[in-house]
Amino acid sequence: MTLSASDLAISRGGVRVLENLNLTLAPGQALILRGPNGIGKTTLLRTLSGLQPPLAGTIAGADDRIAYAGHSDGIKPTLTVTENLNFWARVFGTSSIQVALDSFRLADLADRPAGALSAGQKRRLGLSRLLLTGRAIWILDEPTVSLDTSAIAMFADAVRAHLGQGGSAMIATHIDLGLDAEVMELGPFKAVPPPLDDFDGAFA
Ligand SMILES: Nc1ncnc2c1ncn2[C@@H]1O[C@H](COP(=O)(O)OP(=O)(O)OP(=O)(O)O)[C@@H](O)[C@H]1O
């Protein structure tokens, strides 16, 4: 099922940031979001994921099919890597964590408390959770932060495999992941601020 948004307007902190947005994300498709800092990439991903309501417009096809990975790794620091993965596997009703351990090369770290991992290792653990969700639509906000080049390639492989299985991915990133993906520039959708009141009239 395709995720779609029509005539979307979104806000952050009470300020309208993007408007007149239309987009679709079909099974097997990847969409890369680009735009300068502060344009509204995170706000758009949060809105599509249902973490905040849109100001206007409609979103269809989301329901319980989205796995969202934001800026935080969302790991439990006192649990080991294996315990973290088992926790998520139980949450999502997945029987084995092996695919997560293998795809993000976490086996050597399996017994390490997650809080004792490096930043890049924590990010690999956070991203590996996607593979346990069974969710078709991955919504990812700057997923490669802290990853080295080999881990970025590992992540891109995981996304490619997901797309090959009929999944889809929307990714805010400033780097080239080497994916066969459509790129959407958000600049043209920047909200136009409303005109200021006529102050002169107030002091007449
Ligand atoms: N917690 C917040 N409260 C109020 N305003 C916020 C908050 N977080 C972000 N904003 C503002 O909302 C606007 C959109 O921010 P957003 O984080 O969506 O941009 P972004 O494109 O993801 O930026 P970046 O590339 O820096 O991550 C910006 O003008 C920002 O200053």
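**Reading a predicted model, starting from V159**

Colleague: If we set aside its neighbours within four places in sequence, which residues is V159 in contact with?

Modeller: A good place to start. Apart from those sequence neighbours, V159 is in contact with A30, A169 and L179. Do keep in mind that we are looking at a predicted model. A contact here is a pair of C-beta atoms, placed from the backbone, that lie within 7 Å.

Colleague: Where is V159 found, and is V159 buried or exposed?

Modeller: V159 is found in helix α6. For burial, we count neighbours: 20 or more other C-beta atoms within 10 Å make a residue buried. V159 has 23 C-beta neighbours inside 10 Å, so V159 counts as buried. Sequence and space can also be read side by side: V159 and W138 are 21 residues apart in sequence, and their C-alpha atoms are 8.8 Å apart in space.

Colleague: W138 takes us to strand β6. How many of the 5 residues of strand β6 are buried?

Modeller: Here is a general idea to begin with. In a regular strand the side chains alternate between the two faces of the sheet. Now for this case. On one side of β6 we find I137, I139 and D141, with W138 and L140 on the other, and all of them are buried. Both faces of β6 are therefore covered. Put as a count, 5 of the 5 residues of β6 (residues 137-141) are buried, so this strand is largely enclosed by the rest of the structure.

Colleague: Which strands are joined to β6 by bridges?

Modeller: Strand β5 (residues 66-69) runs parallel to β6, and 4 bridges join them. Strand β7 (residues 168-172) also runs parallel to β6, joined by 5 bridges. Try following L140 in the structure: A69 stands opposite L140, and L140 stands opposite I171 in β7. Then look at D141, whose bridge partner in β7 is A172.

Colleague: What is the order of the strands in this sheet of 5 strands?

Modeller: The order is β5-β6-β7-β3-β8, in an open sheet with parallel pairing. The edge strands are β5 and β8 (182-185), each of which pairs on one side only. On average, neighbouring strands of this sheet are turned by 15° against each other, direction ignored.

Colleague: And in what order do the 3 strands of the antiparallel sheet come?

Modeller: That one is also an open sheet, in the order β2-β1-β4. β2 (15-25) and β4 (56-60) each have a single partner strand and stand at the edges, so one side of each is left without a neighbour in the sheet. From one strand to the next, the twist averages 30°. As an exercise, find β1 (residues 3-12) and β4, which pair over 4 bridges in the antiparallel sense. A5 has I59 in β4 as its bridge partner.

Colleague: Which strands does α1 lie across?

Modeller: α1 lies across β1, β2 and β4, and runs at about 125° to β1. This helix (residues 41-48) also gives the largest share of the shell around the ligand, 3 residues.

Colleague: Which residues surround the ligand?

Modeller: They are R12, G13, V17, G35, N37, G38, I39, G40, K41, T42 and T43. Sorted by class, this shell has 2 nonpolar, 7 polar and 2 charged residues.

Colleague: Let's step back. Into which domains is the protein chain divided?

Modeller: Domain 1 covers 1-65 + 136-193, and domain 2 covers 76-134. Their centres, taken over C-alpha atoms, are separated by 24 Å. The contact takes 10 residues from each: 10 from domain 1 and 10 from domain 2. On the side of domain 1 that touches domain 2, the largest share, 4 residues, comes from helix α6 (residues 149-164). That side divides into 8 nonpolar, 1 polar and 1 charged residue.

Colleague: Finally, how many helices and strands does the protein chain have?

Modeller: There are 7 helices and 8 strands. The C-alpha trace spans about 75 × 35 × 30 Å along its principal axes. Of the 204 residues, 33% count as buried. Lastly, take the contacts between residues at least 6 apart in sequence: 74% of them join residues at least 24 apart.

Technical notes:
Residues numbered from 1 in each chain as written. Predicted model: local features only at pLDDT ≥ 70, side-chain atom pairs only at ≥ 80, totals over all residues. Near = placed C-beta within 6 Å. Helix = DSSP H or I, 4+ residues; strand = E, 2+ residues; numbered from the N terminus. Nonpolar A, V, L, I, M, F, W, Y, C, P; charged D, E, K, R; others polar. Pairing = 2+ DSSP bridges. Axes fitted to C-alpha atoms, helices over the stretch in contact; angles between N-to-C directions. Contact = placed C-beta atoms within 7 Å. Domains from an automatic or database assignment. Buried ≥ 20, exposed ≤ 12 C-beta atoms within 10 Å, placed from the backbone.
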